[in-house]
Amino acid sequence: MVAGAFPIAKLLTLGARQLSRPLAARIKAGARASPFFRTYICLPPAQLYHWVEMRAKMRIMGFRGAAVKPLNEEAAAELGAELLGEAIVFGVGGLCIYMEYARQAGQSRRKEEEQAAALKNMAADIESMRRELDAILRERGGAKISHAPEQSQAANRSEAATLSHASKPSQAANQSEVVTLSPAQKGRG
């Protein structure tokens with residue numbers, strides 16, 4: 001296994017998730033002991049969770065109008081501390097997933113930017129090679145290469161037509177020329 005390929009980010013993510021469990025247990029213990037946490041942090045979510053759970057159970061069993069009695073303070077504090085601990089573990093896990101996603105997105109963005117830069121460099125190299133080729137051809141024979149595909153095809157056809165007419169002057173004079181028009185040329189003409 002290559003040392004550079006070791007997924008250090010994944011190891012750190014796993015470590016953070018493992019550390020969140022004891023941290024959640026400490027926070028739960030503190031929440032049970034502190035009157036502020038107990039009253040304002042643990043009890044309201046616990047009572048809401050209990051109310052929603054009991055309403056759902058009663059509806060499933062067919063009781064429609066029954067009122068839900070709230071939990072006593074001790075049971076609500078215990079349930080609230082458990083909910084808080086699970087929320088912390090879930091939050092740390094979600095944060096780790098988001099960070100991994102952001103890391104992967106950054107890597108793919110960097111890779112695309114590198115590919116775009118390489119493509120731009122290749123295009124610049126090709127353009128400089130074309131200029132050098134044009135300069136060499138001008139020095140040697142005065143001919144110029146057309147870089148656009150349509151221009152080079154049209155030049156090749158006109159050159160071939162000129163050569164064929166020049167090689168057969170008597171035949172071209174005796175026979176009538178047959179001209180073929182493309183559909184685009186027919187519409188113009």
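Which helices do the buried residues of H3 pack against? In this predicted model, the buried residues of H3 pack against helix H1 (8–33) and H2.

**Helix H3**

Helix H3 covers residues 73–140. With 68 residues at 1.5 Å a residue, helix H3 should span 100 Å, and its end C-alpha atoms lie 99 Å apart, which agrees. The buried positions in H3 include Ala-76, Ala-77, Gly-80, Ala-81 and Gly-85. Ile-88, Gly-93, Cys-96 and Glu-100 are also among the buried residues of H3, as are Gly-106 and Asp-134.

**Salt bridges**

The structure holds five salt bridges. Three of them are listed here, each with its closest N to O distance.

| Pair | N to O distance | Relative accessibility of Arg | Relative accessibility of Glu |
|---|---|---|---|
| Arg-38 and Glu-73 | 3.7 Å | 17% | 49% |
| Arg-103 and Glu-100 | 2.7 Å | 28% | 18% |
| Arg-130 and Glu-127 | 3.9 Å | 34% | 35% |

Arg-38 forms a salt bridge with Glu-73. Arg-38 is in helix H2 and Glu-73 in helix H3, so this pair ties together parts that are 35 residues apart in sequence. Arg-38 counts as buried because its relative accessibility of 17% is under the 20% cut-off. Glu-73, with a relative accessible area of 49%, is partly exposed. Arg-38 and Glu-73 also belong to a network of salt bridges that links them with Glu-74.

The other two pairs in the table sit within helix H3. Arg-103 and Glu-100 are three residues apart in that helix, about one turn. In this pair Glu-100 counts as buried, whereas Arg-103 counts as partly exposed. Arg-130 and Glu-127 are likewise three residues apart in H3, about one turn of the helix. Arg-130 counts as partly exposed, and so does Glu-127.

**Cysteines**

How many disulfides does the structure hold? The count is zero. A disulfide is a covalent bond between the sulfur atoms of two cysteines. Cys-42 is buried, with a relative accessible area of 0%. Cys-96, one of the buried residues of H3, has a relative accessibility of 8%.

**Nonpolar patch**

Which residues make the nonpolar surface patch of about 410 Å²? Phe-36, Phe-37, Tyr-40 and Ile-41 make this patch. Phe-37 lies in helix H2, which runs over residues 35–61. At 34% relative accessibility, Phe-37 counts as partly exposed.

Definitions and conventions:
Residues are numbered from 1 along each chain as its sequence is written. This is a predicted model: local features need pLDDT of at least 70, side-chain atom pairs count only at pLDDT 80 or more; totals for chains, interfaces and linings use all residues. Side-chain values use heavy atoms; hydrogens and water are left out. Patches are made of residues with over 30% relative accessible area and no salt bridge: like charges are joined within 9 Å, nonpolar side chains (Val, Leu, Ile, Met, Phe, Trp, Tyr) within 5 Å. Accessible areas come from the Shrake-Rupley method with a 1.4 Å probe; for residues, only the protein chains shown count as cover. A salt bridge is a side-chain nitrogen of Lys or Arg within 4 Å of a carboxyl oxygen of Asp or Glu. Helices (H or I, at least four residues) and strands (E, at least two) are DSSP runs, numbered from the N terminus. Buried means under 20% relative accessible area, exposed over 50%, partly exposed in between (1.4 Å probe, protein chains only). The expected span of a helix is 1.5 Å times one less than its number of residues. Contact means heavy atoms within 4.5 Å. A disulfide is a pair of cysteine sulfur atoms within 2.5 Å.
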